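Me: I am new to this structure. Walk me through it with short questions and short answers.

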Amino acid sequence: SSSILYVLFTSLFIWLLNLMGYDLVTAFATVAACINNMGLGYGETAAGFGTLNDAAKWLVGAALLPEQG
């Protein structure tokens with residue numbers, strides 16, 4: 001069901017941002033902001049997503065895609 005996919009994708013994106021070196025607060029808040037289409041996150045992305053490296057920007061961009069479906 002869609003709620004299971006939501007939890008799986010959220011967990012996957014958080015885990016991948018953690019592997020890229022971002023702390024748990026930044027990873028969680030950034031993914032939550034992108035998947036829920038809320039705007040800015042907390043931690044490193046509190047002021048904007050410009051502080052993320054290129055790979056992380058592509059990752060959070062991919063997190064926006066399910067929202068468009």
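Me: Where does Leu52 lie?
Reply: This is a predicted model. In it, Leu52 belongs to a loop. That loop is the one between α2 and α3 (54–68).

Me: Is Leu52 buried or exposed?
Reply: The relative accessible area of Leu52 is 4%. Buried means under 20%. Leu52 is therefore buried.

Me: How far apart are the C-alpha atoms of Leu52 and Met20?
Reply: Along the chain, Leu52 and Met20 are 32 residues apart. In space, their C-alpha atoms are separated by 10.0 Å.

Me: Is Tyr42 buried or exposed?
Reply: Tyr42 sits in the loop between α2 and α3. Its relative accessibility is 61%. The cut-off for exposed is over 50%, so Tyr42 counts as exposed.

Me: What separates the C-alpha atoms of Tyr42 and Ile14?
Reply: The two residues are 28 residues apart along the chain. The separation of the C-alpha atoms of Tyr42 and Ile14 is 13 Å.

Me: What does Gly39 count as, given its 38% relative accessibility?
Reply: Gly39 lies in the loop between α2 and α3. Buried needs under 20%, and exposed needs over 50%. At 38%, Gly39 is therefore partly exposed.

Me: How far is the C-alpha atom of Gly39 from that of Phe49?
Reply: Gly39 and Phe49 are 10 residues apart along the chain. Their C-alpha atoms are separated by 9.7 Å.

Me: Which residue other than glycine has a positive phi near 55 degrees?
Reply: Look in the loop between α2 and α3, where this residue is found. Its phi is positive, and it is not a glycine. The residue is Asn37.

Me: How are α1 and α2 set to each other, by the angle at which they pack?
Reply: α1 and α2 (residues 24–35) pack with their axes 9 Å apart. The angle is about 140 degrees. Roughly antiparallel needs over 145, and roughly perpendicular runs from 65 to 115. The two helices are therefore oblique.

Me: What is the handedness of the crossing of α1 and α2?
Reply: Take α1 as it passes α2. The crossing is right-handed.

Me: Is Leu19 buried or exposed?
Reply: Leu19 is in helix α1 (residues 2–19). Its relative accessible area is 58%. Exposed means over 50%, so Leu19 is exposed.

Me: What area does the nonpolar surface patch with Leu19 have?
Reply: Leu19 helps make this patch, along with Ile4, Leu5, Leu8, Phe9, Leu12 and Trp15. The area of the patch is about 720 Å².

How values were computed:
Residues numbered from 1 in each chain as written. Predicted model: local features only at pLDDT ≥ 70, side-chain atom pairs only at ≥ 80, totals over all residues. Heavy atoms only, no water. Patch = residues over 30% accessible without salt bridge, like charges linked within 9 Å, V, L, I, M, F, W, Y side chains within 5 Å. Areas by Shrake-Rupley, 256 points an atom, 1.4 Å probe, with all protein chains shown as cover. Salt bridge = Lys/Arg side-chain N within 4 Å of Asp/Glu carboxyl O. Helix = DSSP H or I, 4+ residues; strand = E, 2+ residues; numbered from the N terminus. Buried < 20%, exposed > 50% of the residue type's maximum accessible area, 1.4 Å probe, protein only. Axes fitted to C-alpha atoms, helices over the stretch in contact; angles between N-to-C directions. Parallel < 35°, antiparallel > 145°, perpendicular 65-115°, else oblique. Left-handed = near helix turned anticlockwise from the far one by under 90°.
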